[in-house]
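Colleague: I would like a close look at a single part of this protein, namely its nonpolar interior. Please describe how that part is built and how it sits within the chain as a whole.

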Amino acid sequence: LDRDRDGLFFLPKGYQPGTAMPLMIVCHGAGTSSDTAAGAFPLADELGFIVMATDAKDWTWDVLIRGFGEDVVFLQRAFQSVARRCSVDRSKMALTGFSDGASYALSLGIGNGDVFSTLMPFSPGVMQPAEANGKPKIFMSHGTLDNVMPIDETSRKFVPRLRGLGYDVTYREYEGKHVLPPEIRREAYFWWMGRTPA
């Protein structure tokens with residue numbers, strides 16, 4: 001869709017044309033790209049959901065540099081492209097990401113809670129929505145030893161604030177640094193799909 005950046009979408013092995021399937025949009029961390037969304041592919045196959053990811057225009061997402069702008073527009077174009085190619089269950093759309101991707105998922109998702117039913121920010125550092133719409137369910141996690149996005153300055157402040165505003169927040173802390181443990185990702189994805197991991 002763009003000469004300077006791209007994105008990807010992944011159809012799980014159980015996908016059948018014409019049958020609407022949940023969609024997960026994955027936001028990458030600072031300095032990386034949409035390729036990191038490949039970590040979600042095995043669980044997409046297991047649980048049955050479509051994955052979409054786009055590249056930020058700059059080294060990180062627009063809202064963290066200068067405010068919402070080009071990245072939102074590109075993400076919308078990418079979604080329209082995917083929606084034309086495959087059947088998306090628009091009642092079950094999730095926005096997720098790790099680190100700066102989590103900050104973007106949380107900030108953009110709160111403003112578009114009438115579009116996304118679920119937000120899954122893993123180790124976010126910023127929560128600055130332009131507005132609030134709807135009340136998406138939220139699964140947030142953070143490592144207690146995180147020295148990049150210190151937990152006391154981020155999730156431990158975000159969660160009480162969100163709950164105070166009436167959001168349904170499931171929150172997990174784990175002993176670890178600035179990483180996303182596979183078991184936390186797995187729990188979150190199963191939670192989104194209404195299933196219990198084995």
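Modeller: The account below begins with the chain as a whole and then turns to the interior.

The model is predicted: local features need pLDDT of at least 70, side-chain atom pairs count only at pLDDT 80 or more, and totals for chains, interfaces and linings use all residues. Residues are numbered from 1 along each chain as its sequence is written, and side-chain values use heavy atoms, with hydrogens and water left out.

The chain contains 5 helices and 7 strands, where helices (H or I, at least four residues) and strands (E, at least two) are DSSP runs numbered from the N terminus. Their order from the N terminus is β-β-α-β-α-β-α-β-β-α-β-α. The radius of gyration, taken over C-alpha atoms, is 16 Å, close to the 16 Å that the globule rule gives for 198 residues, so the chain is as compact as a globular protein of that length. That rule is 2.2 Å times the number of residues to the power 0.38. Of the 198 residues, 50% count as buried; buried means under 20% relative accessible area, exposed over 50%, and partly exposed in between, with a 1.4 Å probe and protein chains only.

A nonpolar core is a set of buried Ala, Val, Leu, Ile, Met, Phe, Trp, Tyr and Cys residues joined through side-chain atoms within 4.5 Å. The largest such core has 36 residues, and Leu23, Met52, Leu95, Met140 and Leu162 have the most contacts inside it. At least two residues of this core come from each of β2 (21–27), β3 (50–54), α2 (70–85), β4 (88–98), α3 (100–111), β6 (137–143), α4 (155–164) and β7 (169–174). A second, separate core of 22 residues includes Leu47, Phe49, Ala94 and Phe122.

Leu23 illustrates the packing. Contact means heavy atoms within 4.5 Å. Apart from neighbours within four places in sequence, Leu23 is in contact with Ile50, Val51, Met52, Phe79, Val88, Lys92, Met93, Ala94 and Trp192. Across the chain, residues 24 or more positions apart account for 65% of the contacts with a separation of 6 or more.

Two loop residues complete the picture. Ser99, in the loop between β4 and α3, has a phi near 65 degrees, a positive value in a residue other than glycine, and counts as buried because its relative accessibility is 9%. Ser123 lies in the loop between β5 (118–122) and β6; its phi is near 60 degrees, also positive, and at 0% relative accessibility Ser123 counts as buried.
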